[in-house]
Amino acid sequence: MSLVHERTSQFFERTKRERRQIVTPEGVPIPVTLADHSERFTAFAIDWVIWTLATIAIYLPLILVGVFSGFTLIAITVALFIAFIIRNVYFIYFETAWRGSTPGKRIVGIRVIDRAGGPLLPSAVIARNFTREVEMFIPLGILMSGGKSGGTVDLEQLSIAVWLVFFAVLPLINRDRMRGGDLIAGTMVIALPKLVLLGDLVEGAVQFAFTEPQLRAYGAFELQVLEELLRRPPTLTGAQVLRDVCDKICHKIGWTSPVPQNQVVAFLRDFYTAERAFLEREQLYGKARADKFAEPRPRA
Amino acid sequence: MTAIIDATDERLSAASAAARTQIVLKSSEFRQGREEGWRELETLVLRFERRGVRSLSLDELQRLPILYRAALSSLAVARTIALDRNLLVYLENLALRAFLVVYGPRISPLEGLTSYFRRDLPAAVRAARWHVVIATVILAVGIAAGFMLTSQDESWFSSMIPSALAGGRGPSSTRSDLLNHEIFAPWQPAEAFGTFAGMLFNHNTAVGILMFGLGLAAGVPTVLLWLYNGLMLGAFLALHYNRSLTLDFIGWTSIHGTTELAALMLFAAGGLVIAEKMLFPGPYTRVENLALQGRQAAQIAVGGVLMLFVAAFLEGMFRQLVQSTPLRLTIGITVGVLWIVYFSFSGREARR
């Protein structure tokens with residue numbers, strides 16, 4: 001019934017989040033949600049700020065040393081080489097030590113995982129990060145420092161520009177939203193929020209009792225929608241929604257006695273309990289019912 | 001009065017509806033039994049995620065895989081018997097987070113980096129040795145052709161090499177021109193700022209990247225670009241040979257040139273590897289084969305990128321300091337030999 005609860009999530013969230021499935025080494029399939037493009041971009045921007053600040057902090061003393069000692073070229077060379085080292089070591093260190101997460105990714109709540117459901121190998125982390133040099137930084141450098149000369153260099157600059165655009169667009173055109181580095185290393189970036197376990201909604205002692213034909217009216221999808229509505233904190237509009245839901249249910253199952261306003265929540269919770277007990281039992285006997293339109297339909 | 005009734009009791013009369021009846025669900029009992037274990041796992045996982053492996057004691061580390069497997073089995077059972085959406089979503093999330101903790105990288109970043117450079121990278125280059133051989137042959141052919149053409153007739157130089165790269169050198173340069181303005185040109189402090197970028201993000205780098213990426217086009221652009229590179233190199237050699245400056249020229253370029261040439265060689269070999277995977281996919285489709293084997297080609301490109309940075313670094317460090325040809329040659333040849341030794345022998349003794 002995992003598909004039902006995904007359907008319910010989609011119903012409430014109104015946006016379709018891309019899901020994939022990985023199989024753990026124990027053989028249990030777990031669904032994962034791919035990270036949005038905006039999330040990945042934000043995480044990268046945060047990381048960019050952090051590593052740029054670190055690089056500047058290291059540049060300044062070096063440049064001062066260089067200017068005062070006269071070995072300016074050497075100082076500049078070392079400084080620029082250090083920029084390359086820092087940005088790669090930053091990503092490689094954090095993605096290995098924090099199991100696929102960097103400070104930027106952690107703030108946004110996304111992670112890098114192995115696509116096949118295996119462990120995230122350090123060689124994969126290294127490959128996926130150094131590839132960024134070829135995808136982005138070196139072409140950018142070439143484009144920015146070229147353009148002074150004419151002739152065949154124009155064709156070269158054009159090819160490099162096409163290369164850059166292609167890799168920038170690659171995550172948008174492939175199904176698993178993989179960057180060039182992800183493709184090479186066999187990794188995937190997923191969104192990983194921290195979820196909490198809320199209390200069981202099932203009431204121990206129930207006040208309202210329902211017959212089996214009444215409980216046959218609905219299926220698992222409706223049950224989970226009801227659960228979500230009941231779990232929401234009480235608000236004014238929420239109370240109105242619950243009232244409407246209560247009326248609809250009473251109408252559908254043929255509950256004739258009116259439900260007073262102060263007993264709406266109790267009624268819905270009792271109905272939820274009975275319905276869930278009934279559907280779980282049916283499911284155990286192999287007669288799972290996805291929603292109210294699925295077989296077996298209640299006899300009219 | 002309360003009576004514990006199994007949920008199967010269907011005939012609830014109106015009379016008993018007035019009394020509070022108790023309904024007990026199997027999924028609730030299941031949850032009550034296992035919830036403590038999940039909470040414990042959640043605490044441990046949270047602590048691990050926040051502060052790393054050191055924040056857990058030895059006992060807790062030993063509990064972790066047990067709790068993880070218990071959570072997985074709970075998830076499998078819950079999927080079958082429970083319809084509580086919050087529970088299912090929570091268990092999936094917990095199982096995933098625990099999976100990432102239990103199966104995360106097991107070695108430190110430093111160890112990962114050193115083992116990558118000691119074993120994986122040289123092994124990847126060694127695995128492509130025939131491609132490297134072919135690339136060497138192509139380069140040699142290019143250099144020979146360029147050299148022979150230009151040493152006979154220097155107007156070939158102007159037609160082969162675009163003016164941007166020639167930088168004022170050409171058939172009209174005299175020996176003293178080249179000696180004073182190129183090979184032993186005094187270093188200008190003012191040019192320091194643009195220089196590293198100029199050293200790294202130059203024509204050769206662009207050619208390298210294109211050779212690698214365009215391996216997708218069955219390697220034809222790769223071979224052509226590499227041949228052209230060889231031609232240009234041969235032409236430059238001939239220009240200096242005709243003015244008896246061969247050794248000085250080689251010395252002048254060799255400090256960074258050996259590394260840069262080796263880097264370009266790796267890019268060419270990488271492009272040929274891609275071409276081979278595309279042209280001969282075996283039992284897979286071309287795209288599948290590339291995805292499977294692409295990692296090998298990418299490792300080679302990573303090696304090439306690193307060498308380019310090292311080449312720019314070497315040029316920056318030594319250009320200012322070293323002005324004598326024998327010294328330049330020594331440094332250049334030493335560096336070249338070191339690269340060859342590294343790629344040929346490093347990591348070979350390690351047997352997995």
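Helices are DSSP runs of H or I with at least four residues and strands are runs of E with at least two, both numbered from the N terminus. The views below show a predicted model.

**Loop residue D153(B) in chain B.** D153(B) is placed in the loop that joins α6 (129–152) to α7 (155–160) of chain B. With a relative accessible area of 37%, D153(B) is partly exposed. F117(B) is 36 residues away from D153(B) along the chain, and the C-alpha atoms of the two residues are separated by 46 Å.

**The second largest pocket and its lining.** This pocket has a volume of about 820 Å³. Its lining comprises 30 residues, and those nearest the centre are F166(A), F167(A), I184(A), L216(B) and L290(B). Two or more lining residues are given by each of α5 (122–145), α6 (153–173) and α7 (180–185) of chain A, and by each of α11 (203–213) and α14 (286–319) of chain B. The most is given by α14(B), which supplies 10 residues. By residue class, the lining of this pocket divides into 21 nonpolar, six polar and three charged residues.

**Helix α11(B) within the structure.** Of the 11 residues of α11(B), 10 are buried, so this helix is largely enclosed by the rest of the structure. The buried positions are H203(B), T205(B), A206(B), V207(B), G208(B), I209(B), L210(B), M211(B), F212(B) and G213(B). Helix α11(B) is also one of the elements that give two or more residues to the lining of the second largest pocket.

**A nonpolar surface patch in chain A.** V165(A), F166(A), V169(A), L172(A) and I173(A) together make a nonpolar patch of about 470 Å² on the surface. V169(A) belongs to helix α6 of chain A. The relative accessible area of V169(A) is 33%, and this residue is therefore partly exposed, since the partly exposed class runs between 20% and 50%. F166(A), a member of the patch, is also listed among the residues nearest the centre of the second largest pocket.

**The largest cavity, lined by residues of chains A and B.** Rolling a probe the size of a water molecule over the atoms shows where empty space is left. Four cavities of 30 Å³ or more are counted in the model. The largest cavity holds about 70 Å³ of space. From chain A, its lining includes R99(A), V112(A), I113(A), D114(A), G118(A), P119(A) and L120(A), while from chain B it includes F99(B), L100(B), Y103(B), G104(B) and P105(B). The elements that give two or more residues to this lining are β3 (110–114) of chain A and α4 (85–102) of chain B. Strand β3(A) provides the largest share, three residues. The lining of the largest cavity divides into eight nonpolar, two polar and two charged residues.

**Two residues with positive phi, R99(A) and S244(B).** R99(A), one of the residues lining the largest cavity, has a phi near 55°, a positive value in a residue other than glycine. R99(A) lies in the loop between α3 (72–97) and α4 (103–108) of chain A, and its relative accessibility of 9% makes it buried. S244(B), likewise not a glycine, has a positive phi of about 55°. The loop that holds S244(B) runs between α12 (220–241) and α13 (246–279) of chain B. S244(B) is exposed, at a relative accessible area of 55%.

**The salt bridge between R40(A) and D182(A).** Side chains of opposite charge can pair when their charged atoms come close. The closest N and O atoms of R40(A) and D182(A) are 3.0 Å apart. R40(A) lies in helix α2 (residues 37–69) and D182(A) in helix α7, both of chain A, so the pair ties together parts that are 142 residues apart in sequence. Both R40(A) and D182(A) are buried.

**The salt bridge between R276(A) and D200(A).** The side chains of R276(A) and D200(A) meet at 3.2 Å, N to O. Because R276(A) lies in helix α11 (residues 264–284) of chain A and D200(A) in the loop between β4 (187–191) and β5 (205–206) of chain A, the pair ties together parts that are 76 residues apart in sequence. R276(A) is buried, with a relative accessible area of 2%, whereas D200(A) is partly exposed at 24% relative accessibility. Both residues belong to a network of salt bridges that also links E227(A), R231(A), E280(A), R31(B), E35(B), R39(B) and D84(B). Over all chains, the whole structure contains 31 salt bridges.

Terms used:
Residues numbered from 1 in each chain as written. Chains lettered and ligands numbered in written order. Predicted model: local features only at pLDDT ≥ 70, side-chain atom pairs only at ≥ 80, totals over all residues. Heavy atoms only, no water. 1 Å grid on protein atoms, 1.4 Å probe; cavity = no way out; pocket = protein on both sides within 12 Å on 5 of 7 lines; lining within 4 Å. Points joined across faces, edges and corners; volume = space filled by probe spheres on them. Nonpolar A, V, L, I, M, F, W, Y, C, P; charged D, E, K, R; others polar. Patch = residues over 30% accessible without salt bridge, like charges linked within 9 Å, V, L, I, M, F, W, Y side chains within 5 Å. Areas by Shrake-Rupley, 256 points an atom, 1.4 Å probe, with all protein chains shown as cover. Salt bridge = Lys/Arg side-chain N within 4 Å of Asp/Glu carboxyl O. Buried < 20%, exposed > 50% of the residue type's maximum accessible area, 1.4 Å probe, protein only.
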